[in-house]
Amino acid sequence: MPAKWHQAKITNIIDESPTTKRFIMQLGDEEPVPFIPGQFMVADLPIGEKRLNRWRSYSLADIPNEKNEIEFCIVHLDGGKASEYFFNEVKQGTSLKLKAPDGAFCLPEGPIEKDLVFLCTGTGVAPFRAMIKHIFENDIPHKNIHLIFGTRFQEGILYQEEFEQLAEKHPEFSFDIALSKEEEEHDYFKGYIHQIYLEKYKDVRLDVDFYICGWSQMIDEAVANLLIKLKYEKTQIKYELYG
Ligand SMILES: Cc1cc2nc3c(=O)[nH]c(=O)nc-3n(C[C@H](O)[C@H](O)[C@H](O)COP(=O)(O)OP(=O)(O)OC[C@H]3O[C@@H](n4cnc5c(N)ncnc54)[C@H](O)[C@@H]3O)c2cc1C
């Protein structure tokens, strides 16, 4: 069956960090478009002739809603074609063509029986923001949820207020941040995210699942650490590779 395409119109653009923006858009469909938190959509952007040069995937950073609004959280990559398009040309009112939601980087259906550890850097947080909102706003029964987020500088922390408020409200939700390049004094972890789970989850347990999202170097290292160094089972690790 041919993929279904949707028209989206940008309704709001939020500066989330000096290099990251949140693009809120409304889908033109009459009925809310269903999707599962963790999925992504492919955008067909006016940045090339051939289909494969024009298509870029973005995780859905919000949950399905009556307003049919979706959100992408996009980092500006110097010289990247889609980055330049989103940061220099897209404005309120711009229309985008998006392929139907897709992907299997999702939580199990129904009650969540294991602890969840979400590992990400930068905009790799996007699918976790959707999953976390889904769990809390839809009252999905769950165990502990630990979000471990890494970025270079303090100014690059994404959705910080939202996650801190959740952590205050829900003792089973914790939010750790690692800053790899920040020179100013700070209270977060210094360095990469790996030190955090390597210490906290060093004693292997079967009642925890790891979800990892971001770019290849971080994912490769995290998967190797969990599988080879700590000896977790393959079935306890899921990842979404951005590139
Ligand atoms: C399933 C999926 C979901 C994705 N979700 C998101 C998302 O929610 N937010 C988001 O910002 N991006 C996301 N991406 C990445 C996105 O699709 C583009 O690759 C990204 O926007 C760069 O496109 P570009 O045209 O600007 O750069 P290009 O010109 O295509 O890329 C240039 C080079 O940089 C590498 N690269 C691309 N992005 C980064 C980066 N941020 N850091 C380091 N290296 C990089 C690429 O691998 C490539 O080698 C996702 C990718 C996939 C496959």
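In the predicted model, the shell around the ligand comprises eleven nonpolar, six polar and three charged residues. Of the 20 residues in this shell, those that come nearest to the ligand are Ser-57, Gly-80, Ala-82, Ser-83 and Gly-243. Three secondary-structure elements each contribute at least two residues to the shell, namely strand 4 (55-59), strand 5 (69-75) and helix 2 (81-88). Because residues of the shell are drawn from both domain 1 (5-99) and domain 2 (115-241), the ligand lies between the two domains.

The division of the protein assigns residues 5-99 to domain 1 and residues 115-241 to domain 2. The centres of the two domains, taken over C-alpha atoms, are separated by 24 Å. Their contact involves 15 residues from domain 1 and 13 residues from domain 2. On the side of domain 1 that touches domain 2, strand 1 (5-17) and strand 5 are the elements that supply two or more residues. Strand 5 gives the most to this side, with three residues. By class, the residues on this side of domain 1 are eight nonpolar, five polar and two charged. Strand 5 thus appears in two settings: among the elements that supply at least two residues to the ligand shell, and as the element that gives the most to the side of domain 1 that touches domain 2.

With respect to overall architecture, the protein contains six helices and twelve strands. The radius of gyration is 18 Å, close to the 18 Å that the globule rule gives for 243 residues, so the protein is as compact as a globular protein of that length. Taken along the principal axes, the box filled by the C-alpha atoms is roughly 50 × 45 × 35 Å. Buried residues constitute 33% of the 243 residues. Among contacts with a sequence separation of 6 or more, 69% are between residues 24 or more positions apart.

Individual positions in the two domains illustrate these contacts. In domain 1 (5-99), Leu-98 is located in strand 6 (residues 95-99). Leu-98 counts as buried because 23 C-beta neighbours lie inside 10 Å, the threshold for burial being 20 or more. Beyond its neighbours within four places in sequence, Leu-98 is in contact with Trp-5, His-6, Ala-8, Met-41, Val-42 and Ala-43. The C-alpha atom of Leu-98 is also 9.0 Å from that of Leu-27, although 71 residues separate the two in sequence.

In domain 2 (115-241), Lys-238 occupies a place in strand 12 (residues 237-241). Lys-238 has 16 C-beta neighbours inside 10 Å and therefore counts as partly exposed. Apart from neighbours within four places in sequence, the contacts of Lys-238 are with Phe-105 and Tyr-211. The C-alpha atoms of Lys-238 and Cys-213 are 8.7 Å apart, with a separation of 25 residues along the chain.

Helix 3 (residues 126-137) comprises twelve residues and spans 16 Å from its first C-alpha to its last, close to the 16 Å expected at 1.5 Å a residue. The buried residues of helix 3 are Ala-126, Pro-127, Phe-128, Arg-129, Ala-130, Met-131, Ile-132 and Ile-135. Just after helix 3, the backbone at Asp-139 adopts a positive phi of about 50°.

Most residues other than glycine have a negative phi. Asp-139 is a residue other than glycine with a positive value, near 50°, and Tyr-159 is likewise a residue other than glycine with a positive phi, near 55°. Asp-139 is situated in the loop between helix 3 and strand 8 (145-151), whereas Tyr-159 is found in the loop between strand 8 and helix 4 (160-169). Asp-139 is exposed because 7 other C-beta atoms lie within 10 Å. Tyr-159, by contrast, is buried, since 21 other C-beta atoms lie within 10 Å.

Terms used: Residues numbered from 1 in each chain as written. Predicted model: local features only at pLDDT ≥ 70, side-chain atom pairs only at ≥ 80, totals over all residues. Near = placed C-beta within 6 Å. Helix = DSSP H or I, 4+ residues; strand = E, 2+ residues; numbered from the N terminus. Nonpolar A, V, L, I, M, F, W, Y, C, P; charged D, E, K, R; others polar. Domains from an automatic or database assignment. Contact = placed C-beta atoms within 7 Å. Rg over C-alpha atoms; globule rule 2.2 N^0.38 Å. Buried ≥ 20, exposed ≤ 12 C-beta atoms within 10 Å, placed from the backbone. Expected span 1.5 Å × (residues − 1).
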